[in-house]
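Q: Could you help me see how the labels on a protein model are earned? I'd like to go through them one at a time.

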Amino acid sequence: MADFVVIVVLAVVIGGAIAYMIKQKKRGARCIGCSMGGCCSGGCNCHKDDK
């Protein structure tokens with residue numbers, strides 16, 4: 001029974017993460033993991049140290 005609970009919890013967490021990524025992509029976020037994901041288009045310098 002404990003294995004079933006762990007599997008359900010993992011499925012919910014992974015499903016929530018996937019749903020969040022899909023929602024953010026539909027809203028136009030280019031960098032989902034970026035703290036400035038809403039404005040990040042390469043021109044707002046949130047990735048200035050990435051090369």
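A: Sure! One definition to begin with: a helix here is a DSSP run of H or I with at least four residues, numbered from the N terminus. Keep in mind that this is a predicted model.

Q: Where does Gly28 sit relative to α1, and what phi does Gly28 take?
A: Gly28 comes just after α1, and its phi is positive, about 100°. The helix itself covers residues 2-27, and the protein has one helix and zero strands.

Q: How do you know that the length of α1 agrees with what a helix should span?
A: Take 1.5 Å times one less than the number of residues. For the 26 residues of α1 that gives 38 Å, and the end C-alpha atoms are 38 Å apart, so the two agree.

Q: Why is Gln24 called buried or exposed?
A: The cut-off for buried is under 20% relative accessible area. Gln24 has 11% relative accessibility, so Gln24 counts as buried. Gln24 is part of helix α1, and if you skip residues up to four places away in sequence, Gln24 touches Ala29 and Ile32. Across the 51 residues of the protein, 10% count as buried.

Q: And what makes Val13 buried or exposed?
A: Exposed means over 50%. Val13 comes in at 53% relative accessibility, so Val13 counts as exposed. Val13 lies in helix α1 too.

Q: Which residues make the nonpolar surface patch?
A: Val13 again, together with Met1, Phe4, Val5, Val8, Val9 and Val12; the patch is about 720 Å². In an α-helix, residues three or four places apart point the same way, because there are 3.6 residues a turn.

Terms used: Residues numbered from 1 in each chain as written. Predicted model: local features only at pLDDT ≥ 70, side-chain atom pairs only at ≥ 80, totals over all residues. Heavy atoms only, no water. Helix = DSSP H or I, 4+ residues; strand = E, 2+ residues; numbered from the N terminus. Buried < 20%, exposed > 50% of the residue type's maximum accessible area, 1.4 Å probe, protein only. Contact = heavy atoms within 4.5 Å. Patch = residues over 30% accessible without salt bridge, like charges linked within 9 Å, V, L, I, M, F, W, Y side chains within 5 Å. Areas by Shrake-Rupley, 256 points an atom, 1.4 Å probe, with all protein chains shown as cover. Salt bridge = Lys/Arg side-chain N within 4 Å of Asp/Glu carboxyl O.
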